Amino acid sequence: MDRKVVKITEVMQKVDRLVKNETKNPGDVILVASALLAVTRNIYVSALGIEDTARMFEAVADSFVVTEHFIEQFKPTIH
């Protein structure tokens, strides 16, 4: 398990540096994100196939909604 965590961390750091180098203009952020999403999709399709990739992306999208609902429940209010 430690090897997997280390590998994920190393790749995330490399990708983060790449993104910072590729996003000198504010408009480039979405373009770079789109490229990363396309590459990620292709990697998943190669590793898992189309149906499992679709399920993976659906689960990720669902997690955004769940996380947002969770954050909304615990937002501090000012009285």
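What follows is a chat between a colleague and a modeller about how the labels on this predicted model were earned.

Colleague: Let's start with charges. How many salt bridges does a search of the whole structure find?

Modeller: Two turn up when the whole structure is searched. One pairs K20 with D16, and another pairs R55 with D52.

Colleague: What makes K20 and D16 a salt bridge?

Modeller: The closest N and O atoms of K20 and D16 are 2.8 Å apart. The cut-off is a Lys or Arg side-chain nitrogen within 4 Å of an Asp or Glu carboxyl oxygen, so the K20 and D16 pair qualifies.

Colleague: And where do K20 and D16 sit relative to each other?

Modeller: Both are in helix α1, residues 2-22, and they are four residues apart, about one turn of the helix.

Colleague: Why is K20 called exposed, and what is D16 called?

Modeller: K20 has 53% relative accessibility, and exposed means over 50%, so K20 gets that label. D16 comes in at 38%. That value falls between the 20% and 50% limits, so D16 is partly exposed.

Colleague: How do you know that R55 and D52 form a salt bridge?

Modeller: Same kind of reasoning: their closest N and O atoms are 2.4 Å apart, and the limit is 4 Å, so R55 and D52 count as well. R55 and D52 are three residues apart in helix α3, residues 50-73, so about one helical turn separates them. As for D52, its relative accessibility is 34%, which makes it partly exposed.

Colleague: On to packing. Why are α1 and α2 called oblique?

Modeller: Helix α2 covers residues 28-48, and its axis lies 9 Å from that of α1, at an angle of about 140°. Roughly antiparallel needs over 145 degrees, and roughly perpendicular runs from 65 to 115. The α1 and α2 angle fits neither, so the pair is oblique. The crossing of α1 and α2 is right-handed.

Colleague: Which residues meet between α1 and α2?

Modeller: From α1 there are V15, V19 and E22, and they meet D28, V32 and L36 of α2. By type, that contact has four nonpolar residues, two charged ones and no polar ones.

Colleague: What makes α2 and α3 oblique?

Modeller: Their axes come within 7 Å and cross at roughly 135°. That angle is again outside the 65 to 115 range and not over 145, so α2 and α3 are oblique. The crossing of α2 and α3 is right-handed. On the α2 side the contact is made by L37, T40, R41, Y44, V45 and L48, and on the α3 side by I50, D52, T53, M56 and F57. These divide into seven nonpolar, two polar and two charged residues.

Colleague: How do you know that T53 is buried?

Modeller: T53, in helix α3, has a relative accessibility of 4%. Buried means under 20%, so T53 clears that bar. Setting aside neighbours within four places in sequence, T53 is in contact with R41, Y44, V45 and L48.

Colleague: R41 keeps coming up. Why is R41 called partly exposed?

Modeller: R41 belongs to helix α2, and its relative accessible area is 42%. Exposed would need over 50% and buried under 20%, so R41 is partly exposed. Apart from neighbours within four places in sequence, R41 is in contact with T53 and F57. As for S63, R41 is 22 residues away from it in sequence and 17 Å away in space, C-alpha to C-alpha.

Colleague: Last one: what makes A33 partly exposed?

Modeller: A33 is in helix α2, with a relative accessible area of 38%. That is between the two limits, so A33 is partly exposed. A33 and T23 are ten residues apart in sequence, with 9.8 Å between their C-alpha atoms.

Key: Residues are numbered from 1 along each chain as its sequence is written. This is a predicted model: local features need pLDDT of at least 70, side-chain atom pairs count only at pLDDT 80 or more; totals for chains, interfaces and linings use all residues. Side-chain values use heavy atoms; hydrogens and water are left out. Helices (H or I, at least four residues) and strands (E, at least two) are DSSP runs, numbered from the N terminus. Buried means under 20% relative accessible area, exposed over 50%, partly exposed in between (1.4 Å probe, protein chains only). Axes are lines fitted to C-alpha atoms, for helices over the stretch in contact, and angles run from 0 to 180 degrees between N-to-C directions. Angles under 35 degrees count as roughly parallel, over 145 as roughly antiparallel, 65 to 115 as roughly perpendicular and the rest as oblique. A crossing is left-handed if the near helix is turned anticlockwise from the far one by less than a right angle, and right-handed if clockwise. Contact means heavy atoms within 4.5 Å. Ala, Val, Leu, Ile, Met, Phe, Trp, Tyr, Cys and Pro count as nonpolar, Asp, Glu, Lys and Arg as charged, and the others, Gly among them, as polar.
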